[in-house]
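Subject: A structure to look through, with notes

Dear colleague,

I am passing on a structure that I would like you to open and look through with patience. My notes come after it, and I suggest that you keep the view open while you read them.

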Amino acid sequence: MRRTMTTDKPHAPRREQTTTSGHRFGVPERVERVEEKGVRLTESIKRQFHREVPLLALRLPAPLIGRFKADPRIKPALLVSKNLRSVEPDPTSDDGAHKLLLLNTPHKDEVPDETLKVVQEQHVDLVETRLELTWDYWMADEIIARLLPQHLTHIPASFTIIGHIAHFNLRDDFLPYKYLIGQVVLEKNPAIKTVVNKVDTINTQFRFFQMELLAGEPNYMVTLWQSGSRYRFDFSKVYYNPRLSTEHDELSTKVQKNEVVVDGFAGVGPFALRVAKNRGGRVMASDLNPAAVEALATNVRLNKLADRVDVSCGDGRLKIRDAVLRLWRNPPFDSPHIPLLPDHFIINLPDSAISFLDSFIGLYHPLQLDNGFLDAVHAKNRGPLLHCYCFTKHVDHPEPDICQRVSAVMETDISRTTAGRFELKFVRAVAPHKDMYRLTFELPLELLLRPASAPSAAVVPAA
Ligand SMILES: C[S@@+](CC[C@H](N)C(=O)[O-])C[C@H]1O[C@@H](n2cnc3c(N)ncnc32)[C@H](O)[C@@H]1O
């Protein structure tokens, strides 16, 4: 999940607003902006957010409140706000016999005429009152916008929620206030127990983020639900990106019941679990990161999918070859309905996925003398689908760039016109001039059966 925080323009005149959720009162003007770097949230900062708002109210006998609240001539004048009550105790009524029904203005001339008419006809007291607002009333983005120096107009944008963790990627100019930001977000979101900020370096091999604790508990073991499956993993040791969940969902729908998927870069299992649980497929899932494999095995167990997902640890290039041999010679799935030839390969390591594609050249060659293998391949009459994620800097013309790099490594012309079931799908923009795509196409049987060239360390032009 992703939360976005926005702020008002810095010099916008203070006006109480009406929003879709009703009335919204502004943060007190007198709150002092923090100038000091490294400042943390204190009780004295919170106390500054106390504000009294003058309002008019109808003073009514308690049993009549409901009737007046529902009256269409009164309704337009009432205070409506998602997190405020429109009925308050009457401070002058010791026995609670009267209550105050709050209006949305302190000015009588702003109360609609038809409301005033009812007040007059029914001899209701129209009284002045004061609504007390405290720190609890304002939202995190309103508080942060008010506390940070005025030149920081666009609040650190968004954070991602992973289980109980809020994950920021703060811009440099917000770093002096990172602990304050973290503490406000922690206080304002009861489900969040840990707030972290991405540190510049990323573990390049296993793709997880180095992170700094900004607020809350140093507990990175998260449990979450996504698309019907339960996940548990240590977010400080593995890759997990909830922004890819739509893509995880979409790709899994391409798998039909009882089809076999080889996912050699499986992480904690977002494809594997969806395919096995939601699509009735089988998955040979592996990853090079032992922490990801441990979590993957846990997640398979948590979701009772041990008979549908085969888990192992190792390099994707070797695992792709190993999966094909095992599936034919020693299948891990105990069902006569499961094919002995793979139906899909997923390579989700966008930075370098294309450099792994030479693994497919001659992938079936070692099996061609196995009894019945070639017959099975030809009976199937079509190759497995490859789903390869990659980056491109050619954001305006991605297809020629991606196809050219893939074709070079696979020593085969791969394009919309030459490859079967071809699809090039934009996944997301990762930087201003860098997009992520999924290339899907049918692996040509000729390429799979071709004798493999010498084990290649193919050089791929960088995206
Ligand atoms: C971008 S993540 C994707 C993980 C998962 N498929 C997902 O969508 O969340 C790439 C994964 O590839 C793994 N990885 C990196 N190099 C690898 C290699 N040579 N062989 C197998 N897995 C590798 C990383 O540990 C990481 O879990």
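The notes below begin with how to read the model and then go through its parts.

Please keep in mind that this is a predicted model, in which local features need pLDDT of at least 70 and side-chain atom pairs count only at pLDDT 80 or more, while totals for chains, interfaces and linings use all residues. Residues are numbered from 1 along each chain, in the order in which its sequence is written.

The protein is divided into domain 1, residues 20–137, and domain 2, residues 240–449, with bounds that come from an automatic or database domain assignment. The centres of the two domains, taken over C-alpha atoms, are separated by 59 Å.

Helices and strands are named by number from the N terminus, and both are DSSP runs (H or I over at least four residues for a helix, E over at least two for a strand). Strands of a sheet pair through backbone hydrogen bonds, either parallel or antiparallel. In these notes two strands pair if DSSP finds at least two bridges between them.

One open sheet has 4 strands in the order S5-S6-S4-S7, with antiparallel pairing. Its edge strands are S5 and S7 (125–133), each of which pairs on one side only. From one strand to the next the twist averages 45°, where axes are lines fitted to C-alpha atoms (for helices over the stretch in contact) and angles run from 0 to 180 degrees between N-to-C directions.

How much of strand S6 is buried? A residue counts as buried if 20 or more other C-beta atoms lie within 10 Å of its own, as exposed if 12 or fewer do, and as partly exposed in between, with C-beta atoms placed from the backbone. In S6, residues 98–102, 4 of the 5 residues are buried, so the strand is largely enclosed by the rest of the structure. Strand S4 (residues 51–61) pairs with S6 in the antiparallel sense over 5 bridges; Pro-61 stands opposite His-98, and Arg-59 has Leu-100 as its bridge partner. Strand S5 (residues 87–89) is also antiparallel to S6, over 3 bridges, and there Val-87 is partnered by Leu-101.

Another open sheet is made of 7 strands in the order S16-S15-S14-S17-S18-S20-S19, and its pairing is mixed. The edge strands here are S16 (309–313) and S19 (423–431), each pairing on one side only, and the twist averages 15° from one strand to the next.

Which residues cover the two faces of S17? In this strand, residues 344–347, His-344 and Ile-346 on one side and Phe-345 and Ile-347 on the other are all buried. S17 pairs in the parallel sense with S14 (residues 260–263) over 3 bridges, and it runs parallel to S18 (residues 385–392), to which 4 bridges join it. Ile-346 can be followed in both pairings, since Asp-263 stands opposite Ile-346 and His-387 in S18 is the bridge partner of Ile-346.

At the S19 side, 7 bridges join S19 to S20 (residues 434–442), and these two strands run antiparallel, with Arg-428 opposite Met-436. Helix H11 (residues 398–410) lies across S18, S19 and S20 and runs at about 60° to S20.

The ligand is surrounded by 20 residues, the closest being Phe-265, Gly-267, Leu-288, Asn-289 and Gly-316, where a residue is near a molecule if its C-beta atom, placed from the backbone, lies within 6 Å of it. By class, this shell holds 11 nonpolar, 6 polar and 3 charged residues (Ala, Val, Leu, Ile, Met, Phe, Trp, Tyr, Cys and Pro count as nonpolar, Asp, Glu, Lys and Arg as charged, and the others, Gly among them, as polar).

Two single residues complete the notes. Ile-143, in helix H4 (residues 140–147), is buried, with 25 other C-beta atoms within 10 Å. Not counting residues up to four places away in sequence, Ile-143 touches Val-27, Phe-49, Trp-138 and Val-184, contact being defined by C-beta atoms, placed from the backbone, that lie within 7 Å. Val-222, in strand S12 (residues 221–226), is buried too, with 21 other C-beta atoms within 10 Å.

With best wishes

Key:
Contact = placed C-beta atoms within 7 Å.
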